[in-house]
Amino acid sequence: RLIKTFELRADAAVHPLVRSLLGIVTSKRSNLCVSADVSSCTELLTLAQQVGPHICLLKTHVDTLPDFSDSVAQQLRSVAQQHNFLLFEDSKFVDIGATVARQWERRGAWADIVTVVPIAGDGLLTAIAQAALDNSKKGVILVAEMSSDGALRSAEYQEMCRAAAKRFPHLVMGFVSQSSISQSPWLLQLSPGVSVSASGDALGQRYVSPECSVGERGADVIIVGRGVTTSSDPAAAAANYQQLAYSAYLERVKRL
Ligand code: UP6
C-alpha cells in the first residue's frame, strides 16, 4: 500500500466510521477486535468491561445469546462509550434484500458495524443502506475469505467483494479476509483465525499468530475469540494480543 499508516489512511477514508475506527486504533494503540463468543449476556457485559481498555472493536453473534435484548444493547453501548470502542455484530447476512431487511431490526440495527456475505447481488446492501437511514453511522464489512479449512478461495468471488465495495462506498468499510483483497487504503482488512497458542480447533478453524496475520497476511485488525475468552484472565490475554498486533503493525509500516 502506498498510503501505509493508519493516520494517513484515516485521512483518505470515504466512510466516516473508518475514520472513527482508525482514530480509536491509533489513540488506544490497539488493532485488536475481541470476538465475545460467550453464552449469556451477563458474561458478554463482564467481558466487555474486562477487555474494553485493550480493544478497538467488540464482535458479537447476538443470535447465539438467548437473552439478548434492547436493554443489553444499551448497556453494551455505554461500556463501548466508556472504553472507546465500536460494536461489531457478526451477522454474516447472506439473503435476498427483503429478508435481510427483516433480519436487520433484530440483528443489525443495534450495532455500529455488521458483516455481509455478498453472494446474492446488490439487494442485500441496498436493504441495509435503506434500513440504516443515516449510513454514515453504520458500516458493513464484507466476508471475502474465511479462515477455516476448506473455505472458498475464489478470485471471482473476491472480485465480487471488491466491486460491491466500490458500488457502496458509503456503506462498506472493508473485508474479513486472510489476505489483501483491495489496494484501496481506506478499505480495512479484518482477520480472524488468530491465536498465540493453538493451530486450529476440532471443527476446521485454522489459526496463525498475530505477527503472521498482521505482518505477512496484511491484517489491519485481528479478531481473537477463544484466545481471549477461554483465558483465566481475559484482560491480560487481550493486553497481550493488543501489544503483539500493534507491534506487528508498527513493524510493517517500517518495512513497507
Ligand atoms: N470468524 C472466523 N473466521 C472467518 C470469519 N469469521 O473465525 O473467516 C468468526 C467466528 C468467531 C471468530 O464466527 O466468532 O471469528 C473466531 O473465533 P476464535 O478466535 O475463537 O476461533
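The UniProt record, an unreviewed entry, assigns the feature "active site" to Asp-90, Lys-92 and Asp-95. The positions are examined here in a predicted model. Lys-92 belongs to strand β3, which spans residues 86-93. Its backbone is marked by a positive phi near 40° in a residue other than glycine. Lys-92 is classed as partly exposed because 16 C-beta neighbours fall inside 10 Å, a number between the limits of 12 or fewer for exposed residues and 20 or more for buried ones. Once neighbours within four places in sequence are set aside, the contacts of Lys-92 are Thr-115, Val-117 and Val-143. Of these partners, Thr-115 falls within the residue range of strand β4 (residues 113-116), and Val-143 within that of strand β5 (residues 139-143).

Asp-95 is located beyond the strand, in the loop between β3 and α5 (97-107). Asp-95 is likewise partly exposed, since 16 other C-beta atoms lie within 10 Å. With neighbours within four places in sequence left aside, Asp-95 is in contact with Val-100, Ala-120 and Leu-124. The remaining annotated position, Asp-90, appears among the contacts of Lys-59.

The same unreviewed UniProt entry lists Asp-37, Lys-59, Ser-147, Gln-205, Gly-225 and Arg-226 under "binding site". Asp-37 occupies the loop between β1 (32-35) and α3 (41-51). Because 19 C-beta neighbours are found inside 10 Å, Asp-37 counts as partly exposed; the threshold for a buried residue is 20 or more. Residues up to four places away in sequence not being counted, Asp-37 touches His-61, Gly-225 and Thr-229. One of these partners, Gly-225, is itself listed under "binding site" in the record.

Lys-59, by contrast, is placed in strand β2 (residues 57-60) and counts as buried, because 26 C-beta neighbours lie inside 10 Å. Residues up to four places away being excluded, the contacts of Lys-59 are Cys-33, Val-34, Ser-35, Ala-36, Phe-88, Asp-90 and Ile-223. The presence of Asp-90 in this list joins a residue annotated as "binding site" to one annotated as "active site".

Around the ligand, a shell of 15 residues is found, of which Met-146, Ser-147, Pro-192, Gly-225 and Arg-226 come nearest. The elements contributing two or more residues to this shell are β8 (221-224) and α9 (226-229). By class, the shell consists of five nonpolar, seven polar and three charged residues. Ser-147, Gly-225 and Arg-226, which are among the nearest residues, also appear in the "binding site" list of the UniProt entry.

The fold includes a barrel closed by eight strands in the order β1-β2-β3-β4-β5-β6-β7-β8, with parallel pairing. From one strand to the next, the twist averages 25°. Strands of a sheet pair through backbone hydrogen bonds, in either a parallel or an antiparallel arrangement. Strands β2 and β3 are joined in the parallel sense over four bridges, and Leu-58 is positioned opposite Leu-87 in β3. This pairing brings together the strand that holds Lys-59 and the strand that holds Lys-92.

Strand β5 (residues 139-143) is mostly covered, five of its five residues being buried. Gly-139, Ile-141 and Val-143 point one way from β5, whereas Val-140 and Leu-142 point the other way, and all are buried. Side chains alternate between the two faces of the sheet in a regular strand. On one side, β5 pairs with strand β4 (residues 113-116) in the parallel sense over four bridges, and Val-114 has Val-140 as its bridge partner in β5. Strand β6 (residues 172-176) is also parallel to β5 and is joined to it by four bridges, with Val-172 in β6 as the bridge partner of Val-140. Val-140 is thus bridged to Val-114 and to Val-172.

A further positive phi value in a residue other than glycine, near 60°, occurs at Asn-84. Asn-84 lies in the loop between α4 (70-83) and β3. Having 16 C-beta neighbours inside 10 Å, Asn-84 counts as partly exposed.

Notes: Residues are numbered from 1 along each chain as its sequence is written. This is a predicted model: local features need pLDDT of at least 70, side-chain atom pairs count only at pLDDT 80 or more; totals for chains, interfaces and linings use all residues. UniProt positions are given in the numbering used here, feature names are shortened, and annotations may be inferred rather than shown by experiment. Two residues are in contact if their C-beta atoms, placed from the backbone, lie within 7 Å. A residue is near a molecule or strand if its C-beta atom, placed from the backbone, lies within 6 Å of it. Ala, Val, Leu, Ile, Met, Phe, Trp, Tyr, Cys and Pro count as nonpolar, Asp, Glu, Lys and Arg as charged, and the others, Gly among them, as polar. Two strands pair if DSSP finds at least two bridges between them. Axes are lines fitted to C-alpha atoms, for helices over the stretch in contact, and angles run from 0 to 180 degrees between N-to-C directions.
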